[in-house]
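Here are my notes on this one, for you to read with the model open. Tell me if anything looks off from the bench side.

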Amino acid sequence: MYGRRRFDVPSSFSARPTTDFAKENIFNVITNLIDLEGTDALDLFSGTGSIAFELASRGCRQVTAVEKQNAHANFIAKVAKELKTDALRLIRGDVFRYLHSAPRQGFDFIFADPPYALPELPDVPRIILEQDLLREGGLFIMEHSKANDFSHLPYFYQHRTYGAVNFSLFLKETTTVERTNA
């Protein structure tokens with residue numbers, strides 16, 4: 001949709017964007033698990049917005065991007081304006097505050113990429129699952145360091161590693177799915 005456009009992220013940003021290699025691989029996994037066309041997605045700790053814009057470019061009906069850092073949120077808003085997209089909804093604020101007010105079963109897809117040093121990082125998947133933010137058949141992906149293991153949580157589906165980037169995938173289905181580590 002956006003013709004592989006690239007946007008230069010200011011060098012002063014402290015965000016650690018998901019690497020292109022990891023992003024390409026995880027999106028291959030995503031497209032094999034769910035159809036993003038017409039879905040509602042949530043991008044937590046949006047940073048540069050690269051995941052949110054990727055989701056919008058793949059046909060998501062609505063992408064909610066939550067970002068606390070003002071400079072990062074301004075960058076996301078600027079890029080959204082340049083792309084002339086109505087699919088992106090930017091929430092400028094704290095992810096944890098948002099999670100407690102987000103609509104129950106409001107999303108088909110959730111992506112969270114918190115700073116690896118965030119003390120509350122282990123709480124993110126638990127809160128998302130406890131708040132029941134994922135719709136039936138929905139997919140939640142948590143990016144994290146190798147130090148975290150979320151395989152004990154409900155709906156855990158599999159763990160993926162691409163270089164130093166780790167993803168835990170949660171698939172909300174009533175039928176039993178095969179759990180794997182890749």
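The points below go through a strand, a helix and some charged pairs.

1. One thing to keep in mind throughout: this is a predicted model. Side-chain atom pairs are counted only where pLDDT is 80 or more.

2. I'd begin with strand S5, residues 134–144. Buried or exposed? S5 is mostly covered, with eight of its 11 residues buried.

3. S5 has strand S4 (residues 107–112) as a parallel partner, and five bridges join the two. If you want a spot to check by eye, find Phe 107, which stands opposite Leu 134 in S5. Helix H5 (residues 123–130) belongs in this picture too: S4, H5 and S5 make a β-α-β unit, and the unit is right-handed.

4. S5 also pairs with strand S7 (residues 165–171), this time antiparallel, through six bridges. Here the pair to look for is Ile 141, with Leu 169 of S7 opposite.

5. Now helix H1, residues 20–33. Its 14 residues should span 20 Å at 1.5 Å a residue, and the C-alpha atoms at its ends are indeed 20 Å apart, so the length agrees with expectation.

6. Which residues of H1 are buried? They are Ala 22, Lys 23, Ile 26, Phe 27, Val 29 and Ile 30. These residues take up an arc of only 160° around the axis, so they sit on the same side of H1. Don't skim past Lys 23, a lysine on that buried list. The general helix rule is handy here: with 3.6 residues a turn, residues three or four places apart point the same way.

7. Turn H1 around and the other side has Phe 21, Glu 24 and Asn 32, which are exposed. As for what covers the buried residues of H1, the list includes helix H2 (50–57), S4, S5, strand S6 (156–162) and S7. So S5 comes up again, as part of that cover.

8. On to charges: there are nine salt bridges. One of them has the side chains of Arg 61 and Asp 40 meeting at 2.7 Å, N to O. This pair links distant parts of the chain, 21 residues apart: Arg 61 is in the loop between H2 and strand S2 (62–67), while Asp 40 is in strand S1 (residues 40–44). Arg 61 counts as exposed because its relative accessibility is 53%, whereas Asp 40, at 7%, counts as buried.

9. The side chains of Glu 82 and Lys 78 form another salt bridge, at 3.3 Å, N to O. Both are in helix H3 (residues 70–83), four residues apart, so about one helical turn separates them. Glu 82 is partly exposed at 34% relative accessibility, and Lys 78 is partly exposed as well, with a relative accessible area of 46%.

10. Lys 172 and Asp 132 also meet through their side chains, in a salt bridge of 2.5 Å, N to O. What does the pair tie together? Lys 172 lies in the loop between S7 and strand S8 (180–181) and Asp 132 in the loop between H5 and S5, so the bridge connects parts 40 residues apart in sequence. Lys 172 is buried, its relative accessible area being 6%, while Asp 132 is partly exposed at 24%.

11. Last point: salt bridges with shared partners join Asp 40, Arg 61, Asp 108 and Arg 135 into one network. The Arg 61 and Asp 40 pair from point 8 is therefore worth viewing alongside Asp 108 and Arg 135.

Conventions
Residues are numbered from 1 along each chain as its sequence is written. This is a predicted model: local features need pLDDT of at least 70, side-chain atom pairs count only at pLDDT 80 or more; totals for chains, interfaces and linings use all residues. Side-chain values use heavy atoms; hydrogens and water are left out. Buried means under 20% relative accessible area, exposed over 50%, partly exposed in between (1.4 Å probe, protein chains only). Two strands pair if DSSP finds at least two bridges between them. A crossover is right-handed if, with the strands pointing away from the viewer, the path from the first strand over the helix to the second runs clockwise. The expected span of a helix is 1.5 Å times one less than its number of residues. The arc is that of the directions from the helix axis to the C-beta atoms. Contact means heavy atoms within 4.5 Å. A salt bridge is a side-chain nitrogen of Lys or Arg within 4 Å of a carboxyl oxygen of Asp or Glu.
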